[in-house]
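Here's a friendly walk through one protein model. Have a look at it first, and then we'll start in the middle of a sheet and work our way out to the charged side chains.

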Amino acid sequence: MKIAVVGTGYVGLVSGACFAEMGVDVTCVDIDEAKIEALKQGVIPIYEPGLKNIVVRNYDAGRLKFTTRLPSVLNEMDMVFIAVGTPSDESGNAEMKYVWAVADTIARHIEKPLLIVTKSTVPVGTSHRIKERIQKQLDERGVDIEFDVASNPEFLKEGAAVDDFMSPDRVVVGVESERAKELMTRLYRPFLLNNFRVIFMDILSAEMTKYASNAMLATRISFMNDVANLCELVGADVNMVRRGIGSDARIGKNFLYPGCGYGGSCFPKDIRAIIKVAENVGYEMNVLKAVEQVNENQKKVLFRKFSEFFNGDIEGKTVAVWGLSFKPETDDVRDAPALQLIKSLLQSGVNVRAYDPAAMNEAKNQLNDTIYYAKDIYDAANNAHALIVPTEWKEFRLPNWEILKKIMRTHLVIDGRNIYNKEDLASYGFEHRGIGQK
């Protein structure tokens with residue numbers, strides 16, 4: 001089987017490399033010539049554990065290829081995956097120009113039967129609109145070529161994407177023809193050896209499933225952050241509350257960890273997009289609007305705790321920030337709580353010394369030289385009045401508190417992910433401020 005994956009961003013590159021790992025002949029396509037040439041040299045544009053190894057291995061084996069020209073390979077393919085970006089536009093809708101560009105390229109150059117699969121996160125109804133768009137251009141060309149569309153949304157977690165793809169909870173496939181179902185079954189047959197589920201459904205339901213899944217997870221996060229804020233006010237400990245409600249089988253323990261807000265490439269834009277999808281059909285997603293508002297408010301909590309500790313007298317002080325990515329094991333800083341924190345600190349005249357194991361370059365693209373980029377956690381904490389931790393990288397969990405006590409001016413730790421124990425830090429002479437704790 002031969003497939004093309006258009007888009008070599010997070011979704012496209014991981015998908016293409018993992019399909020190749022299972023023996024599929026894959027061509028990854030991108031209009032960015034520099035990126036394609038770098039990939040041929042084994043240079044990976046994103047930080048994702050395990051990804052470089054399978055890209056290099058499968059490229060060397062000839063199962064994974066890279067090109068900038070979709071028309072040159074299109075008619076060799078059994079299916080084409082559309083995995084381009086769909087960022088939010090100014091109004092919160094998903095920006096679809098890259099999806100339409102791929103569809104138009106296919107329409108102009110298709111000469112044989114083909115299955116076109118949307119892997120990008122797209123508004124409900126997009127696959128049908130792709131089909132209509134391509135069919136219209138085929139009619140204008142005066143050719144009769146059979147083609148099908150399908151939806152195969154991704155559910156990959158950044159930082160664990162390779163494992164998620166190779167051993168997923170489930171694979172959702174939206175089809176509306178037997179031919180499309182047969183091809184998608186053939187493609188995923190190797191994965192069935194791991195006994196996971198392929199769930200077939202109609203295309204509209206598959207597209208909706210992606211948005212609904214992310215919306216539910218975002219809702220759990222914002223709910224727990226709301227509970228955490230209330231815990232602080234009434235004197236309860238959110239960690240105890242989390243354990244208590246998570247032991248209920250109807251609720252479960254996943255995504256009940258409070259923190260300083262969610263970020264990344266999926267949750268923020270997908271929440272905005274599903275709200276807009278609803279508005280476009282005359283419906284109001286009140287719960288998700290509240291989820292979004294709670295999350296925006298939660299991103300301000302670390303700055304508030306810092307300012308309150310010093311009674312608002314923060315100008316000229318220095319803060320160490322550990323973690324810039326929106327979560328560990330990724331260099332993705334899109335909508336990262338750390339960046340909002342840093343911008344608030346800078347606006348208040350605070351000096352920032354930051355360190356992240358993977359996301360320094362990505363953060364610098366947004367922050368430029370407005371902060372000091374430290375070489376390690378101790379360099380970041382040198383002469384700091386406070387240490388703030390927005391991202392729970394493993395290497396932050398057991399620092400040498402004796403060293404930190406010597407090099408910091410004020411012994412304050414603001415723990416945005418509740419990774420430290422208050423009593424432990426107190427034994428070293430540190431004040432600890434967590435999320436939702438007494």
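Let's begin with a pair of facing residues: Val6 stands opposite Ile82 in strand β4. What you're looking at is a predicted model, where local features need pLDDT of at least 70 and side-chain atom pairs count only at pLDDT 80 or more, while totals for chains, interfaces and linings use all residues. Residues are numbered from 1 along each chain as its sequence is written, and side-chain values use heavy atoms, with hydrogens and water left out.

**Around β4**

Strand β4 covers residues 79–82. Helices and strands here are DSSP runs numbered from the N terminus (H or I with at least four residues for a helix, E with at least two for a strand). On one side, β4 pairs with strand β1 (residues 2–6) in the parallel sense, over 4 bridges; pairing takes at least two bridges found by DSSP between the strands. There's also a parallel partnership with strand β5 (residues 114–118), again joined by 4 bridges. In that pairing, Met79 stands opposite Leu115 in β5.

So which residues cover the two faces of β4? Met79 and Phe81 sit on one side, Val80 and Ile82 on the other, and all of them are buried. Buried means under 20% relative accessible area, exposed over 50%, and partly exposed in between (1.4 Å probe, protein chains only).

How do you get from β4 to β5? Together with helix α5 (residues 97–109), the two strands make a right-handed β-α-β unit. Right-handed means that, with the strands pointing away from the viewer, the path from the first strand over the helix to the second runs clockwise.

**Charged pairs**

Side chains of opposite charge can pair when their charged atoms come close. A salt bridge is counted when a side-chain nitrogen of Lys or Arg lies within 4 Å of a carboxyl oxygen of Asp or Glu. The count for this model comes to 23 salt bridges, including these:

| Pair | Closest N to O |
|---|---|
| Asp30 and Lys35 | 3.9 Å |
| Lys289 and Glu284 | 3.0 Å |
| Glu431 and Arg433 | 2.9 Å |

How open are these residues to the outside? Asp30 is buried at 12% relative accessibility, whereas its partner Lys35 is partly exposed at 22%. Lys289 is partly exposed at 28%, and Glu284 is partly exposed at 44%. As for the last pair, Glu431 is partly exposed at 38% and Arg433 is partly exposed at 31%.

One of these pairs belongs to a network: Lys276, Glu279, Glu284 and Lys289 are linked by salt bridges.
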